[in-house]
Amino acid sequence: MNYAKQIRIFFSKYSKKAYFIAGICISCASMLPYILLGTGSIVTYHDQLDGELLCYILTAKYLFTDISIYPELMNGLPSTGAVPPAPLFVLLYTVFKPFTAFMITQWVINIVAFLGMFLLLSRLTKQDFISFSISVIFMLMPFYPVYGLCIPGQPLLWYCIACLSDTEKEYGLWNSKKLFSKIICLGGIILYGVASSLVLVGFACLIILFCLFIYHSILWFRLKKSSIDTVFTYTPLISLLVLGVTYLQTNLSLIKQVLFPAAKYVSHKSEMVLSPNGFMGSFISTVTKGVSYAQSWHTVIILATILVLITAIISFVNTLNPRHVKSTSESGDSRLITYRIIQLSLFIVLIGLLYAFYHGNFITGLRNHSSGLLKEFNLDRVTWLLPVTWCVLAGYVLTYIIERWTILSSILRKSFVFLILCVWGITVLWNSSLKPNLSKLAKGGNYYALDWRSFFAEDIFEKIDAEIMSHGKEKEYYRVISIGIYPAAAAYNGFYCLDGYSNNYPLSYKHEFREIMQGELEKSDYVRDFFDNWGNRCYITTAEQFNYYTFEKKWNSVIYDLDLNIDKLKEMNCHYIFSAAYIMNAEELGLKLMQETPFETEGSWYHIWVYEVKK
């Protein structure tokens with residue numbers, strides 16, 4: 001009995017450290033499949049390998065130069081069209097190969113996600129096991145590494161701000177006491193600023209800090225007016241300034257383009273035509289499922305929250321009956337938890353309503369008839385606050401169940417909480433980027449999916465480069481386009497491309513590129529609308545294949561009637577077309593096959609026909 005008591009005392013004393021170490025170990029273990037598979041790892045290529053990754057590679061390549069036009073993409077893409085979402089991680093790409101840098105980024109994100117959420121929830125709920133479990137679940141959510149700490153770093157940001165606030169209340173912000181702690185907190189805020197994106201979610205964090213500053217200012221003014229001795233809280237203002245200045249430094253060129261558009265170029269986004277969504281559908285989807293890049297698979301937490309709110313309402317109604325006041329009265333801590341659950345639930349609903357209204361007929365119509373920042377800026381990125389909000393809400397909800405559901409025994413309460421965490425954790429793991437890699441390890445060569453190695457096909461492009469080099473042509477002296485292959489693959493392998501993916505490139509280039517495939521656009525309303533009304537993907541798309549960007553080798557794809565403006569290609573110095581499909585009318589267009597068989601390897605995802613543009 002004494003041994004059991006000693007074990008309990010030991011565990012209660014060191015549980016936080018044990019959970020912390022366990023979380024770090026899990027974050028390291030989550031990288032093992034990627035280490036074992038290497039470049040055979042399955043990585044979400046949408047918006048990562050096909051776009052943002054090249055922003056890091058090109059920025060790293062020209063980091064210490066005065067080059068502001070990247071010649072590898074879109075016949076010369078301005079650097080403001082290839083801004084990495086997390087500037088800090090560019091440093092990794094200057095030292096390591098892209099795959100290694102990408103995986104180190106993934107690992108850093110995992111550690112920061114766990115550490116920040118665990119520290120934040122432990123502080124808010126005082127429940128170490130619940131905090132640990134939710135932090136692991138948060139770490140496993142399918143965040144895109146190319147977006148850095150945009151979502152995974154939010155808990156650490158708010159934790160640092162909360163700690164800075166506590167230090168200010170206890171010692172004063174300008175007091176030298178706890179100076180190291182203050183520096184660490186400010187360092188955490190700066191870290192978030194250099195490892196996240198202002199336009200994706202940073203602006204939302206700044207808005208929250210500004211609102212906190214206004215709230216504390218009004219509170220201080222009212223207390224001062226009531227002759228109550230109070231001290232002004234500087235933490236929200238200092239945090240706002242530190243984060244704002246950090247973003248200003250890392251986004252200076254982009255901010256200049258927004259404020260002084262004439263000095264740069266007119267973005268292709270000025271021609272975008274936005275489509276409205278149904279209000280209720282958008283609202284329900286945002287609250288229950290989340291949005292792209294910010295999904296937390298939280299259905300079980302919604303159900304648990306509803307149960308807890310019903311319990312809280314019943315408890316409140318019972319307090320109105322004098323006979324039950326004593327038995328149902330809540331402690332201050334319990335009332336605070338209830339208030340926090342209500343506040344967070346309302347915040348989620350508010351974000352859902354904002355998203356639905358923003359994508360409704362009125363705002364969409366207003367943006368379509370506007371220009372500049374109002375049209376081009378996506379305010380709906382405030383939804384990137386939701387995953388962290390759901391995790392904090394889950395922490396309070398599960399704490400409420402543990403502390404307030406006294407009608408159930410302690411074992412039943414803990415079992416119920418454990419069941420909720422298991423269901424949520426399994427759902428997140430099932431939808432995480434880790435799952436396909438675990439499946440590939442388990443099934444070996446029988447698992448069929450596009451991986452890093454297959455996407456970039458370095459072995460195939462080496463053969464193509466060698467063949468072109470045998471004709472005495474250096475890459476920088478000619479341009480290429482791709483069909484049925486993401487242009488990022490050619491650019492990654494050192495080719496200079498007319499096509500590319502950017503969310504901010506010159507409108508004039510969109511018009512020029514459109515001339516190349518005007519014939520294809522006229523054949524299909526779908527393809528035409530996709531390019532004309534959006535245009536981020538400045539790719540060659542065909543009416544026959546619609547917007548399929550990757551043609552697998554096993555399809556043996558054939559394009560029967562390709563309609564491209566070959567004269568325009570020549571004008572833009574395009575010498576070669578890399579096509580994953582055989583072009584039946586190549587001779588009629590004035591294209592010549594480099595060799596009668598496609599370039600491929602035995603295990604390659606696609607084969608590539610190389611067509612030379614005849615002069």
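Me: How many residues of strand E7 are buried?
Reply: First, a general caution: this is a predicted model. A residue counts as buried when its relative accessible area is under 20%. In E7, 6 of its 6 residues are buried, so the strand is mostly covered.

Me: Which sheet does E7 belong to, and in what order do the strands lie?
Reply: Strands of a sheet pair through backbone hydrogen bonds, either parallel or antiparallel. Here an open sheet of 4 strands has the order E3-E7-E10-E9, and its pairing is mixed. The edge strands are E3 (479–483) and E9 (591–593), each of which pairs on one side only. On average, neighbouring strands of this sheet are turned by 30° against each other, direction ignored.

Me: How many bridges join E3 to E7, and do they run parallel or antiparallel?
Reply: E3 and E7 run parallel and are joined by 5 bridges. Two pairs of residues can be looked up in the structure. Arg479 stands opposite Cys574 in E7, and Val480 stands opposite Tyr576 in E7.

Me: In what sense do E7 and E10 pair?
Reply: E7 pairs with E10 (residues 609–613) in the antiparallel sense, over 4 bridges. Tyr576 appears here again: its bridge partner in E10 is Glu612.

Me: What is the phi of Asn573, and where does this residue lie?
Reply: Phi is a backbone angle, and its sign is the point to read here. Asn573 has a positive phi of about 65° although it is not a glycine. Asn573 sits in the loop between helix H27 (566–571) and strand E7 (574–579). Its relative accessible area is 30%, so Asn573 is partly exposed.

Me: Where is Asn556, and is it buried or exposed?
Reply: Asn556 lies in the loop between strand E5 (537–538) and strand E6 (558–559). Exposed means over 50% relative accessible area. Asn556 is at 54%, so it counts as exposed. Its phi is also positive, near 50°, in a residue other than glycine.

Me: Which residues make the nonpolar surface patch?
Reply: The patch of about 820 Å² is made by Phe279, Met280, Ile284, Val349, Leu353, Phe357, Phe362, Leu366 and Leu374. To see where they come from, turn to the elements. Those that give two or more residues to the patch are helix H12 (279–288), helix H15 (332–358) and helix H16 (361–368).

Me: Why can Leu366 count in a surface patch?
Reply: A patch residue needs over 30% relative accessible area. Leu366, which is in helix H16, has 39% and is therefore partly exposed.

Conventions: Residues are numbered from 1 along each chain as its sequence is written. This is a predicted model: local features need pLDDT of at least 70, side-chain atom pairs count only at pLDDT 80 or more; totals for chains, interfaces and linings use all residues. Side-chain values use heavy atoms; hydrogens and water are left out. Patches are made of residues with over 30% relative accessible area and no salt bridge: like charges are joined within 9 Å, nonpolar side chains (Val, Leu, Ile, Met, Phe, Trp, Tyr) within 5 Å. Accessible areas come from the Shrake-Rupley method with a 1.4 Å probe; for residues, only the protein chains shown count as cover. A salt bridge is a side-chain nitrogen of Lys or Arg within 4 Å of a carboxyl oxygen of Asp or Glu. Buried means under 20% relative accessible area, exposed over 50%, partly exposed in between (1.4 Å probe, protein chains only). Two strands pair if DSSP finds at least two bridges between them. Axes are lines fitted to C-alpha atoms, for helices over the stretch in contact, and angles run from 0 to 180 degrees between N-to-C directions.
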